[in-house]
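Visitor: I have a structure open and would like to learn how to read it. Where do we begin?

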Amino acid sequence: MIRHKTLKIVLTILMSFVLFGSFLYTRNAAGFPGESSRIMFFHVPQAWVAVMAFSLSMVFSVIYLKKRDVRYDMLAVSSSELGFLFCILAMLTGSMFARLTWGSFWNWDPRETSILILLMIYGAYFALRSAVNDQDDKRKFSAVYSLLAFATVPFFIFIVPRITISLHPSDTMNPMNPQLDFRFMLVFILALVAFTGIFFWMLSLKYRWLQLEEKFNRMDTSWDLD
Amino acid sequence: MSYLNESFALLKKDIKCELRTRFAANAIFLFAFTTLIVISYSIAPYRIDEPHRPFIYATLLWIILVFSAFSGLSRSFVKEAEAYTEDLLRLSTQPEVVYTGKMLFNTTLLLLLELLIVPVFLLLMNIRVGHAHYLILLLLFGGVGLSATTTMVAAMIARARVKGVLFSALSFPLTFPLLITLIKGTEKSFMEADIVHWDEVRVAVAYIIVIGVLSLFLFPIIWRD
């Protein structure tokens, strides 16, 4: 528990530094209109966390199908719920950036298409979970669905970019780009760490919540109040 | 060999049942014809400018096919559950056979739908097909790919509370990459320009292989109790 507490304090300090640093410590990156480059400290970590969360959810789903241990299903759901949240955040921030640099909030750039499909897949995943009554079926089906969905992801990576060319600035804004100065890099890397930390903290919260809920449900039925 | 024989037996049984009730076929074909007529009435052959025609027509064609398919294919496992024959099927054969048989049946339905709708569509919209062989291959592999995915989804929703809506919601994200490819390829086949690489057909085949193999692994998990 003490470890937990220190981690939380470290995370708070880190996140506050990222928040202040991103607005006060760094300079604007060259080649971007106005202050718009600062969105990179939020948009990129959010997108990274979303991808990580969905991948983790997939891994937990496979482990669940292998071991049939309810805890892995809980981890898979919590992880995909958080992934969904960060995916929406990444979409909103990306869309703001798109308005500033490309001129419109939404123009079906391959990145925008793929993030929307991700949201649709996980929207369907939650719809499936809420529609199946049997607990065991629910867990199996959602794990199977997320595996099937994962199998279609390579097609997006290879097909969608071929239809149109992406305008996404992942080449110019790459952290390996020597044009970006030290301050920019420092805040950017710390932002990645901070967002990842926040994700794992939220994951453990959600996971413990689900475990308590499960315990509560079990108590409820065994007492048979009326 | 007995594996394929059993799958074909299941296909035969499903066709026989379908001929008795005509439930799925009626739903699919009526849906398809209604949308087809609405579309052709409102954008008769010359409403759209010449250069825009191929991609608009390709998109419309696949919208008609996919949504009418979704309206009927969801029934393939629901009808077993409603007739209380699900457990019998579970006892009499292995899960992979069930998947293959049901997929064959769905493919048959889809190909039949395409056989009826596509010629009428081409006629009503006055489309001159530049590369007929390319279109036929796309329709064939598109039908197989769609039914491979929707069979998995149909098996899952058979045990859910809301069925029809959920089926489309679950199928659409999974089939999206295939649909984009099919529309792109169909647009190409409507045009006169030469087709150099068979990109779309290759993607469709790859999709069928990936989904087919994965489904054979995952279907037993859904099917077994």
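**Reading salt bridges, helices and an interface**

Guide: Begin with a network of salt bridges that links A:Asp73, A:Arg129, A:Arg139, A:Glu214 and A:Arg218. This is a predicted model, where local features need pLDDT of at least 70 and side-chain atom pairs count only at pLDDT 80 or more, while totals for chains, interfaces and linings use all residues. Residues are numbered from 1 along each chain as its sequence is written, chains are lettered from A and ligands numbered from 1 in the order in which they are written, and side-chain values use heavy atoms, with hydrogens and water left out.

Visitor: What is a salt bridge?

Guide: Side chains of opposite charge can pair when their charged atoms come close. The rule asks for a side-chain nitrogen of Lys or Arg within 4 Å of a carboxyl oxygen of Asp or Glu. Over all chains, the structure holds 18 salt bridges.

Visitor: Which helices hold A:Arg139 and A:Glu214?

Guide: Take the bridge first: the side chains of A:Arg139 and A:Glu214 meet at 4.0 Å, N to O. This pair links distant parts of the chain, with A:Arg139 in helix α5 of chain A and A:Glu214 in helix α6 (residues 182-223) of chain A, 75 residues apart. Helices here are DSSP runs (H or I, at least four residues), as strands are (E, at least two), numbered from the N terminus.

Visitor: Is A:Arg139 buried or exposed?

Guide: Use relative accessible area: buried means under 20%, exposed over 50%, partly exposed in between (1.4 Å probe, protein chains only). A:Arg139 has 11%, so A:Arg139 is buried. A:Glu214 has 27%, so A:Glu214 is partly exposed.

Visitor: How many residues apart are B:Arg90 and B:Asp87?

Guide: Three residues, about one turn of the helix, and both lie in helix α5 of chain B. Their salt bridge has its closest N and O atoms 2.9 Å apart. B:Arg90 counts as buried at 17% relative accessibility, whereas B:Asp87, at 49%, is partly exposed.

Visitor: What does B:Lys188 form with B:Glu200?

Guide: A salt bridge, with the closest N and O atoms 3.1 Å apart. This pair links distant parts of the chain: B:Lys188 is in helix α8 (residues 164-190) of chain B, and B:Glu200 is in helix α9 (residues 199-223) of chain B, 12 residues apart. B:Glu200 is buried, with a relative accessible area of 7%.

Visitor: Now a single helix. Which residues are buried in α1(B)?

Guide: Check the length first. Helix α1 (residues 2-21) of chain B has 20 residues and reaches 29 Å from its first C-alpha to its last, close to the 28 Å expected at 1.5 Å a residue. That expected span is 1.5 Å times one less than the number of residues. The buried residues are B:Ser7, B:Leu10, B:Leu11, B:Asp14 and B:Glu18. Seen down the axis of α1(B), they fall within an arc of 100°, so they line one face of the helix. The arc is taken from the directions from the helix axis to the C-beta atoms.

Visitor: What do those buried residues of α1(B) pack against?

Guide: They pack against α2 (23-42), α4 (75-82), α5 (86-92) and α6 (95-124) of chain B. Contact means heavy atoms within 4.5 Å. The face turned away from the buried side of α1(B) carries the exposed residues B:Asn5, B:Lys12, B:Lys16, B:Leu19 and B:Arg20.

Visitor: How many residues does the contact take from chain A and from chain B?

Guide: It takes 28 residues from chain A and 28 from chain B. Together the chains bury about 2600 Å², 80% of it on carbon and sulfur atoms. Buried area is the accessible area (1.4 Å probe) that two parts lose on being put together, summed over both. A:Phe141, A:Leu148 and A:Phe155 supply 23% of the area that chain A buries against chain B, more than any other three residues.

Visitor: How many salt bridges does the rule find across the interface of chain A and chain B?

Guide: One. The side chains of A:Asp137 and B:Arg159 meet in a salt bridge of 3.0 Å, N to O. On the side of chain A that touches chain B, α5(A) gives the most, with 15 residues.
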